[in-house]
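Colleague: Could you take me through how to read a protein–DNA surface, beginning with a single contact and working outward?

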There are 2 protein chains.
Amino acid sequence: MIAGMTTPDIETTWSIAQLADEFGLTHRTIRHYEELGLISPERRGTVRVFHRRDRTRLELIVRGKRIGFPLDEIRTIIDMYDETPGESGQLVYLLDQIAARRAELELRRADIDRTLAEMASMEQRCQADLSKLRGAR
Amino acid sequence: MIAGMTTPDIETTWSIAQLADEFGLTHRTIRHYEELGLISPERRGTVRVFHRRDRTRLELIVRGKRIGFPLDEIRTIIDMYDETPGESGQLVYLLDQIAARRAELELRRADIDRTLAEMASMEQRCQADLSKLRGAR
DNA sequence: AGAACGCTTGACGTTGACGTAAACGTAAAG
DNA sequence: CTTTACGTTTACGTCAACGTCAAGCGTTCT
């Protein structure tokens, strides 16, 4: 009856629409990521076929975006994930990259923590003021 | 000799150049923030004079940018800081805003933590591979 | 007086990250 | 066989966040 509706578990490839749906992206966005080389889905004729690798890369992309990285940087980051450098120089380079990103991330986390702390204290003040108002009524 | 070089402690206002320097921004950027209503420095004639309020707002802006917020959102956030709402409705609204931003921030923090964890494990693997290579030589 | 600073306002340019519209291919369903 | 659904490329548009001149004003140093 409805094709592709049953046994979604064994499914090992995805269409652009499925992934767009799953990650809340548009087709255009996904194609854009391909243009920038963030993903490179298989082509069956002209049609894009996405494998698990593409799916996980998309996952990393949206996470990177939530964190606030630009797409270029995201590419270098997710490229780090599935590079398997056998050579020593490459390994050192990768470790450098990791250190750099890590520093950046920790800076951001510190910023977030401070902001969260300030918001907590703001919330305290607000609720104090509010209960004062409620008491005065 | 050099004007404005001595006793920088008592200084309570700043020029655009000083703040640009201090925060690593350009004049254009600061003016842009003013155009968007993120700051509103005093005008002495045509010249901008920045007070401590503007300075702290700039501080919050750059932090917000590091976190990855768009300038619009940053404005609503820093506006929360120095609003003193006497009315109950405003207080509730502010509390809502705080909750929303807070949720967003915690999501980002979770993303960052996961990424940091993955990077840590990547680093482990890399260093293991590296010491293997070094041992084999 | 004149040159040099520092600051100002336009106003157009650029980059990143997509949106959007046009025009077309393909394959199953009615 | 046409419609419908889903997919494709090409190409121009848009919005945010500035960059980059150009031209001018007001002190201050010389």
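**Reading the contacts to DNA strand C**

Modeller: Start with one atom pair: in this predicted model, an N or O atom in the side chain of A:Thr29 lies 3.2 Å from a phosphate oxygen of DNA strand C. A pair of N or O atoms is taken as a polar contact if the two are within 3.5 Å. A:Lys65 also has a side-chain N or O atom placed 3.3 Å from a phosphate oxygen of the strand, and for B:Arg43 the corresponding distance is 2.9 Å.

Colleague: Which elements give two or more residues to the surface near DNA strand C?

Modeller: From chain A there is α2 (27-35), and from chain B there are α1 (16-23), α2 (27-35) and β3 (47-51). The largest share, 4 residues, is that of α2(A).

Colleague: Which residues come nearest to DNA strand C, and how many of those near it are nonpolar, polar or charged?

Modeller: There are 18 residues around the strand, of which A:Thr26, A:Tyr33, A:Leu71, B:Arg43 and B:Arg48 come nearest. Sorted by class, this surface holds 6 nonpolar, 6 polar and 6 charged residues.

Colleague: Turning to the strand itself, what percentage of its atoms within 4 Å of the protein belong to sugar or phosphate?

Modeller: Sugar or phosphate accounts for 70% of those atoms of DNA strand C, while the rest belong to bases.

Colleague: Finally, how is chain A divided in the domain assignment?

Modeller: The assignment gives domain 1 (12-69) and domain 2 (83-137), and the centres of these two domains of chain A, taken over C-alpha atoms, are separated by 27 Å.

Note on methods
Residues numbered from 1 in each chain as written. Chains lettered and ligands numbered in written order. Predicted model: local features only at pLDDT ≥ 70, side-chain atom pairs only at ≥ 80, totals over all residues. Heavy atoms only, no water. Near = heavy atom within 4 Å. Polar contact = N/O pair within 3.5 Å; in protein donor to acceptor, adjacent residues only side chain to side chain. Nonpolar A, V, L, I, M, F, W, Y, C, P; charged D, E, K, R; others polar. Domains from an automatic or database assignment.
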